[in-house]
Structures are given as structure tokens and as C-alpha cells.
Amino acid sequence: ACWDSLIHHGFDVEGHAVTKSLWALKVFPYSLLVVAVLMYLPYLLWRYAAAPALHSDLLFIIDELDKSYNRSVRLVQHMRKIQQASAPRCVPSLPRARRERYFEFPLLERYLTCKQHAHSLVFIYILRNLLLLLFLAATCLYLVFLHLNIFFQDEFSCSIKTGLLQVEPHIPPLIPCKLVFFSVFQLISLSVGGVYVLLMPVFLRPSAPLSRKMLTCPVNDLNVILLFLRANISELTSFGRLNAVSALREATAHKQDIDTVIDFLTLQA
């Protein structure tokens, strides 16, 4: 009877009988299902509208960067042979190395230039984040409305004197009702809310690269690709090898063998 009516019968400050509908409690489980579906929509948008193209772009760029690394290795080997065969300095061999096309990768350059003038990926990226922000704000407003209105209304007075029960004298006009499951939800909500408040400084603190560099970059597909490329830098084989060479240069006692590659890291940069 309590769950069927969900109407609180009480009295105002002047003593008049008033009723308050608690219908939001009845639709609350279904509203959570709607919230779950809404939160999943931005993921579906990104998963099927942007992720396949972005995945292909990242694979292509990573492959081209690894090829550039291999060309730099061949250039260093070429200069090393010239240095061993002739003068101790091999800077004059740079023009010949350029003629050997070690530094040319026009396909990647043109591809990145094309992405610099494209905006489809960044449009989906911004739309996804805006939808996520909109749904989060709507969910928070809904929960605030629920908490302010009926969150502490797990106990209420209900009238069951309807139909045949109206003529029953032993039935009181109002009976006390208590929704135990909603009391449990109150406790869980307060606990989760406390955890969110404690974690809020961590989430609100912007990352240094994003705050200083990414926010001043032009809005185009290239910068979105670079953002995800930085997040997936571990997939770049040559990046790990460059780190190993850098550590080797710092740890080697006799650096002449390492320095003879004419600053390998500078060439790769």
C-alpha cells in the first residue's frame, strides 16, 4: 500500500492537511537505466565514428616514424664508414647523405599537412566531450533535485482508507511507512559523495602539457592525433630504442664510440 500510493499525508504550519507526491522514488530505478544509456552514447559515438579512423592514422604515423628511425640508423652507419675511411670529421658528408634521401619522407609530411587542414576528428572529439559534460550535468541536477525534495523522505504517512476500507473503524486514517531500501541508498549516496569530494582536487588539477601546450594549439585533426600519439608513445618501437641509446650515452665511461655517431639523438630529432 505504501509503495502503490507513495503519497505523504501531513500537516502544514497552520494545521491544514497537505499531501506530497513521492512519485520520483517510483521512477528512480528506471531513471538510472536512462542515465546509464545516456552515458554510453558518447562512447558509442567515439567508438564507431572516430576510433577506426584514428586507429589507422596512429598505426600509419607510428610505422612512418619507425621507418624514419631506420633511415637515421643507415645515415649514421654511412657517416661512420666515411669517418673511418677519411677525415675525423664527417660533416662534409651531409650533402651526400641528403642526396641519398635519408631524410626524405614526403608521404608522412603530406599526410600530416592534410590532417592539419581537416576538422572532422576534432569535431567528433569535441562533440563527444560536450555530450558527456551535458549528460553529467543533467545527472547531477537530477540527483540534486531528488536529494533536496525526497532524499530524506524514506519515512512518510500513508492513507489506506479507500474503497471498502473506508467503513472499517479499526483502521487509522494514516499509517507510518518506511522504505528500507531507500535508507540503504541514502547511506551509499553519502559515502560515494564523500569519496567524490575528496577526489575532486585530483580531477580538477590540469596536467602540465595539456594546460600549457595543447590549449594554445590550433583546433584541427593533427593536434588530436598528436594528443593520442603522445598517450600511445609506448607503441613506438624507435622511442624505446632512443631512450636506450640516451641511457647508454650517459652511462658509458668511454664516450668516444658513442659520440662518433655524430649525436645520434640530434639526427633523429
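A nonpolar surface patch of about 710 Å² is formed by Val180, Val184, Ile188, Val192, Val195, Tyr196, Leu199 and Val202. Such patches are made of residues with over 30% relative accessible area and no salt bridge, where nonpolar side chains (Val, Leu, Ile, Met, Phe, Trp, Tyr) are joined within 5 Å and like charges within 9 Å, and the accessible areas come from the Shrake-Rupley method with a 1.4 Å probe, with only the protein chains shown counting as cover for residues. The model is predicted, and local features need pLDDT of at least 70, side-chain atom pairs count only at pLDDT 80 or more, while totals for chains, interfaces and linings use all residues. Residues are numbered from 1 along each chain as its sequence is written, and side-chain values use heavy atoms, with hydrogens and water left out.

**The patch and the annotated regions**

- Val202, one of the patch residues, lies in helix 7 (residues 180-204), where helices (H or I, at least four residues) and strands (E, at least two) are DSSP runs numbered from the N terminus.
- With a relative accessible area of 49%, Val202 is partly exposed, a class that lies between buried (under 20%) and exposed (over 50%), judged with a 1.4 Å probe and protein chains only.
- An unreviewed UniProt entry places the feature "transmembrane region" at residues 27-46, 130-152 and 179-204; UniProt positions are given in the numbering used here, feature names are shortened, and annotations may be inferred rather than shown by experiment.
- Over residues 27-46 the chain is 100% helix and 0% strand, and the C-alpha atoms at the two ends are 30 Å apart.

**Nonpolar cores**

- The largest nonpolar core (a set of buried Ala, Val, Leu, Ile, Met, Phe, Trp, Tyr and Cys residues joined through side-chain atoms within 4.5 Å) has 15 residues, of which Leu6, Leu22, Leu25, Ile150, Phe156, Cys158 and Leu179 touch the most other members.
- Helix 2 (23-49), helix 6 (120-150) and strand 3 (155-158) each supply at least two residues of this core, and helix 2 gives the most, with 3 residues.
- Apart from this core lies another one, of 14 residues, including Leu54, Leu58, Val122 and Val224.
- When neighbours within four places in sequence are left aside, Ile150 is in contact (heavy atoms within 4.5 Å) with Lys20, Leu22, Ala24, Leu25 and Phe182.

**Salt bridges**

- The whole structure holds 3 salt bridges, each being a side-chain nitrogen of Lys or Arg within 4 Å of a carboxyl oxygen of Asp or Glu.
- One of them joins Lys115 to Asp57, with the closest N and O atoms 3.3 Å apart; Lys115 lies in helix 5 (residues 106-116) and Asp57 in helix 3 (residues 51-85), so the pair ties together parts that are 58 residues apart in sequence.
- Lys115 counts as buried at 18% relative accessibility, and Asp57 counts as buried at 5%.
- Asp63 and Lys67 meet through their side chains in a salt bridge of 3.3 Å, N to O, and they are 4 residues apart in helix 3, separated by about one helical turn.
- Lys67 also forms a salt bridge with Glu64, at 3.7 Å between the closest N and O atoms, and salt bridges that share partners join Asp63, Glu64 and Lys67 into one network.
- Within this network, Asp63 is partly exposed at 35% and Lys67 is partly exposed at 36%, whereas Glu64 is buried at 8%.
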